[in-house]
Amino acid sequence: MDTIPTYNYFILAAILLGALYSLFLGLRNHKQRVEQGRPWFGEKVTLEGARARFNIGSFIRRGLMTSRLKKRPVAGSFHGIMFIGALLLIFGHAVFMFDFVGIPVYEGWFGFIFLKLGRELGGIMLFTGVAFFLARRLAAPDRLTAGDKTRSGFERGEIFLLLIVIAGFLAEGFRLALEVPADNAEFLGQAIGSTLHSTFGEEGALLGMNVMWWVHGLMGCAFIAIIAHSPFSHMLLGPANSAFVPARDGINLPPINFDFDEDEDEDDEDEMRFGAAKLADLTQKNLLDASACLWCGRCHEVCPAAQTGKDLSPKKVMATCAEFIEQGKFDDDSLIDVLGQDAIFACTTCAACVEECPVSNNPAEVILEFRRHFVMDRSEMPETMAAANRNLESREHPFVGTGSNPEDWRKGLDVPFFAPGETEYLLWIGCSVTYEERAQEIARAMVKILEAAGVSYGIFEEPRCTGDPAKMMGNEMQFVEIAETNIEEFKEQKIQKVITMCAHCYNSFDRYYPELGADWQTIPHTVFIEELQAQGKLVLAEKSDETITFHDPCYLARHNGIVDAPRNVIASVGKLIEMPRSKKDSFCCGAGGGNYWGGQGGTARVSDVRMQEAFDTGADKVATACSFCNLMLTSSSSKHTGERRVFDVAELVAEKITIIED
């Protein structure tokens with residue numbers, strides 16, 4: 001069957017070993033670059049350090065199954081075709097080595113399925129997938145050029161891959177021109193072989209087979225050799241990056257050690273730096289993110305700042321970091337200025353980029369590290385955010401110029417104060433509900449619900465902020481100070497259960513406070529309302545035919561996976577209509593990351609875009625589950641109509657309770 005001299009296989013095997021060594025050197029180079037970041041795997045990236053961070057579920061789903069690509073059915077399908085084709089080819093070529101130790105793998109059912117039919121289909125699938133992506137790059141969608149960043153090298157590599165597949169089919173065709181097995185499944189090779197036999201004859205076919213065998217083999221080895229030194233390194237770095245995704249979704253900002261001892265570490269200036277100005281200030285995981293980045297622009301397409309004309313492009317941030325890595329500029333402080341202050345502060349921390357990235361990058365965490373440096377090292381931030389920060393320092397809330405007093409929201413209500421040892425739940429009021437008139441109605445509605453359900457609850461006499469605005473604006477020091485004060489008070493009051501009405505409050509309490517010693521249970525108010533209904537403690541009037549569309553707060557849906565509870569509650573009072581972008585794919589209201597006090601510039605307000613999307617559903621009402629979302633969407637709604645259209649889920653439920661009581 002095989003007229004290739006045996007020694008040719010040994011020569012090619014030696015060349016393959018050289019290609020694998022080139023692959024090893026490239027991966028080692030990536031490892032050494034990643035080690036330039038602040039320890040995340042350890043001072044050096046070791047197997048033990050990697051094992052401690054390994055997320056097998058994410059590795060299988062995102063890394064191997066490329067689950068994130070399913071959001072793009074066309075691209076995802078062709079990527080799947082290409083991936084399966086490559087696996088079939090790799091497996092088919094790998095098992096062929098058993099033929100040299102006397103195992104006839106090319107014969108029987110195994111050879112028919114895997115080495116003949118399998119490799120034939122694999123070659124066709126790989127060619128089809130690569131051809132699709134090459135054609136798309138030649139007529140590139142906007143996202144591939146977004147942020148003025150285009151990754152060069154893919155086109156050449158894709159053409160090279162196509163030539164490898166073509167060379168493989170030609171080698172197969174020449175072989176089958178000489179002899180066609182009775183049980184042949186190599187249908188394309190056989191068709192090519194018939195043409196080649198009639199064109200070149202038997203001697204020409206023999207020569208052609210030997211030439212194309214070498215061409216195909218050498219090209220394949222060459223591709224393996226360049227993988228880790230080219231954009232195709234994403235084939236290995238992408239799955240590796242997905243393997244080290246934190247167990248919790250969204251943004252997970254590492255805590256900062258503020259107990260720096262100047263006397264002990266006076267020679268270590270880096271320890272005194274807060275946030276990031278250069279690559280070496282980022283973590284090893286951040287650098288792995290940038291190294292694995294495809295520059296595909298999917299993050300740019302979903303970023304609310306980028307899509308409303310702000311300076312920020314998460315793709316540009318990651319691509320710029322990747323360029324600095326490639327150039328070895330790990331200690332170059334100019335990186336933060338290349339990215340620019342306007343871009344860094346335009347981030348709403350919505351984590352849409354995190355949710356969308358096919359290789360599990362977290363651009364938001366990288367952006368916030370640069371934001372921390374602007375605020376805590378340079379004392380620089382947009383003036384409107386700076387005013388909110390100053391107000392937090394002087395008045396313990398960020399709402400500048402508010403006309404509301406802390407007790408205004410509960411006028412006319414008999415709201416109990418939390419009594420240690422007697423009250424079960426603390427109803428956390430928070431800053432927005434206290435000082436913004438529209439948000440105050442959410443608290444009134446929630447009080448009505450708790451009273452109707454007979455819940456043992458109470459509030460603090462003095463309202464306060466969780467510190468989330470400070471943290472997400474980059475002032476980690478201020479956040480820690482506020483959080484530690486709150487934690488001390490909670491411990492004194494022996495608080496075990498907390499109900500929140502703001503998604504940002506919930507996220508801070510549940511994600512960041514435990515790092516500082518908090519140990520209570522935090523429950524978003526929509527989740528609590530759903531529980532009350534399930535327990536039969538909250539009976540509502542019959543649901544109406546009123547249509548309601550729901551805006552998912554980023555800090556509930558994407559950051560914390562809470563999507564069903566608010567929908568279940570809404571379904572109990574009216575008819576739910578989904579917006580095109582919903583659940584974890586929701587579009588931001590624009591308030592996050594301190595942009596409630598900023599968010600200027602660009603071609604549109606983020607909340608205006610989202611509110612128009614809500615109006616386009618034709619729903620009678622727009623429901624929210626976060627006080628900041630409510631404020632942003634209410635403001636945008638007022639531009640279209642004087643009628644109130646935006647309601648918190650608690651308000652919709654409380655309205656039904658009022659109907660019963662009447």
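This report covers annotated spans, one buried aspartate and one nonpolar surface patch in a predicted model.

**Annotated spans**

The UniProt record, an unreviewed entry, lists residues 6–27, 78–101, 121–139 and 159–178 under "transmembrane region". Two of these spans, residues 6–27 and residues 78–101, are described in the table.

| Span | Distance between end C-alpha atoms | Helix | Strand |
|---|---|---|---|
| residues 6–27 | 32 Å | 100% | 0% |
| residues 78–101 | 37 Å | 75% | 0% |

**Surroundings of D289**

D289 is part of helix α10, which covers residues 284–292. Is D289 buried or exposed? Its relative accessibility is 1%, and because buried means under 20%, D289 counts as buried.

The side chain of D289 has polar partners. One is the side chain of N241, with which the D289 side chain makes a polar contact at 3.0 Å. The D289 side chain also reaches the backbone nitrogen of N362, at 3.0 Å. Both N241 and N362 appear among the residues in contact with D289 when neighbours within four places in sequence are left aside; M318, S360 and N361 complete that list.

**A nonpolar patch at the surface**

Which residues make the nonpolar surface patch of about 470 Å²? The patch is made by F54, I56, I60, L64 and M65. Of these, I56 is found in helix α3, which runs over residues 56–64. The relative accessibility of I56 is 54%, and because exposed means over 50%, I56 counts as exposed. D289, by contrast, counts as buried at 1%.

Terms used
Residues numbered from 1 in each chain as written. Predicted model: local features only at pLDDT ≥ 70, side-chain atom pairs only at ≥ 80, totals over all residues. Heavy atoms only, no water. UniProt positions renumbered as here; feature names shortened; annotations may be inferred. Helix = DSSP H or I, 4+ residues; strand = E, 2+ residues; numbered from the N terminus. Buried < 20%, exposed > 50% of the residue type's maximum accessible area, 1.4 Å probe, protein only. Polar contact = N/O pair within 3.5 Å; in protein donor to acceptor, adjacent residues only side chain to side chain. Contact = heavy atoms within 4.5 Å. Patch = residues over 30% accessible without salt bridge, like charges linked within 9 Å, V, L, I, M, F, W, Y side chains within 5 Å. Areas by Shrake-Rupley, 256 points an atom, 1.4 Å probe, with all protein chains shown as cover. Salt bridge = Lys/Arg side-chain N within 4 Å of Asp/Glu carboxyl O.
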